[in-house]
Amino acid sequence: MSCAMRSLVEDDDRYLKSFQLFLERSSEHKCMQDFIHGILPDILASIGEGKANLNMMGVGSGAGEIDLEMFSQLHLKHPAVTVDNQVVEPSAQQLHLYKVLVSQKPNLDYIKFTWNKMTATEFEKHWRENHLTKKMDFIHMIQMLYYVKDPGATVTFYQSLLDRNGKLLIILVSDESGWGKLWRTFRTQLCNTEISQCVTTGDIKAYLDSKTTSYQSYKLPSQMDITECFTEGDQRGEMLLDFLTEVLDFSATAPPELKRGVLDLLMTPDCSKEVDGRVIFNNTLEVLVVDPLQ
């Protein structure tokens, strides 16, 4: 990444605003909810093993909407079970929103929340330093492995926390999405590997395969309207470009040839299609459900 360009995650406020716009313009949460209601219940049914209490963890849980969707499905499958839930989230703003959501949601008294304002890496350090041995029945890492220095090592650590029938659920962009093409083309220019990685499920599957780790995968088709990105000076378009490139003020700070190259690529069929005059980006996600270490 050029030294003139800064990573979007360095500005928490700008990141959250661009992320919120991304959610408004994409079907991301909808495709996750379809998975949670359609496929996840059978996965959750397998982890209980007659237990009265389940240990769960969300790594990079954000504001908690997806977590609570998962809990509602878990409660349907295991209505008598209590849950100890570790929330690992570095953003104070997101943690606050999560706590507000919990306070407003009825019938969550079966869940004990433990709030950890930490990154995944900080939590790993905390766990090791305190010699904690608690085993987890279910850990999810949704759209967060971009923000660790070594995604493979992070997966292995959290996988090591799983109990015998536990599952680690990972959601990332698919290698076949527009993100995959964008990152394969501009990885060296866009990725500040100290802060964020251009990682797709293709990378994680290759890592898991190299370790002969068993997992299941599920594609989640998703799309995003990026039409405004091609209107010079459009505020929303510039915010979406920041999110797509993970670069703070990409339009203002990127070298002209890089900006032109990114915009040209975003228009190609490898990344997007045109529907009724709108440019629709391929935001396809993939879920990996990883088994415990053998």
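Reader: How many aromatic pairs does the structure hold, and what does one of them look like in detail?

Author: In this predicted model, the structure holds 20 aromatic pairs. One of them joins Tyr 15 and Phe 243, whose ring centres are 6.1 Å apart and whose planes make an angle of 35 degrees, a geometry that counts as tilted.

Reader: Where in the fold do Tyr 15 and Phe 243 lie?

Author: Tyr 15 belongs to helix α1, residues 12–25, while Phe 243 belongs to helix α10, residues 235–245, so the pair ties together parts that are 228 residues apart in sequence.

Reader: Is Tyr 15 buried or exposed, and is Phe 243 buried or exposed?

Author: A residue counts as buried when its relative accessible area is under 20%. Tyr 15, at 15%, is therefore buried, and Phe 243, with a relative accessible area of 6%, is buried as well.

Reader: Which residues form one aromatic cluster with Tyr 15 and Phe 243?

Author: The cluster consists of Tyr 15, Phe 19, Phe 22, Tyr 146, Tyr 147, Trp 179, Trp 183, Phe 243 and Phe 281. Of these, Phe 281 also leads us to a sheet, since Phe 281 is the bridge partner, in β11, of Ser 272.

Reader: How should I read the sheet, and in what order do the strands lie?

Author: As a general idea, strands of a sheet pair through backbone hydrogen bonds, and they do so either parallel or antiparallel. Here three strands form an open sheet in the order β8-β11-β10, with antiparallel pairing. The edge strands, each of which pairs on one side only, are β8 (223–225) and β10 (272–275), and the twist from one strand to the next averages 30 degrees.

Reader: How many bridges join β10 to β11?

Author: Four bridges join β10 to β11, the latter spanning residues 278–282, and the two strands run antiparallel. The pairing of Ser 272 with Phe 281 in β11 is a bridge that you can look up in the model.

Reader: What is notable about the backbone of Asp 276, and where is Asp 276 found?

Author: Asp 276 has a positive phi of about 50 degrees, although this residue is not a glycine. Asp 276 is found in the loop that lies between β10 and β11, and, with a relative accessible area of 77%, Asp 276 is exposed.

Reader: What phi does His 131 have, and in which loop does His 131 lie?

Author: His 131, likewise not a glycine, has a positive phi of about 50 degrees. His 131 lies in the loop between α6 (120–129) and β5 (136–142), and its relative accessibility of 66% means that His 131 counts as exposed, the cut-off for that label being over 50%.

Technical notes. Residues numbered from 1 in each chain as written. Predicted model: local features only at pLDDT ≥ 70, side-chain atom pairs only at ≥ 80, totals over all residues. Heavy atoms only, no water. Pairing = 2+ DSSP bridges. Axes fitted to C-alpha atoms, helices over the stretch in contact; angles between N-to-C directions. Buried < 20%, exposed > 50% of the residue type's maximum accessible area, 1.4 Å probe, protein only. Phe/Tyr/Trp six-rings, centres within 6.5 Å; stacked < 30°, edge-to-face > 60°.
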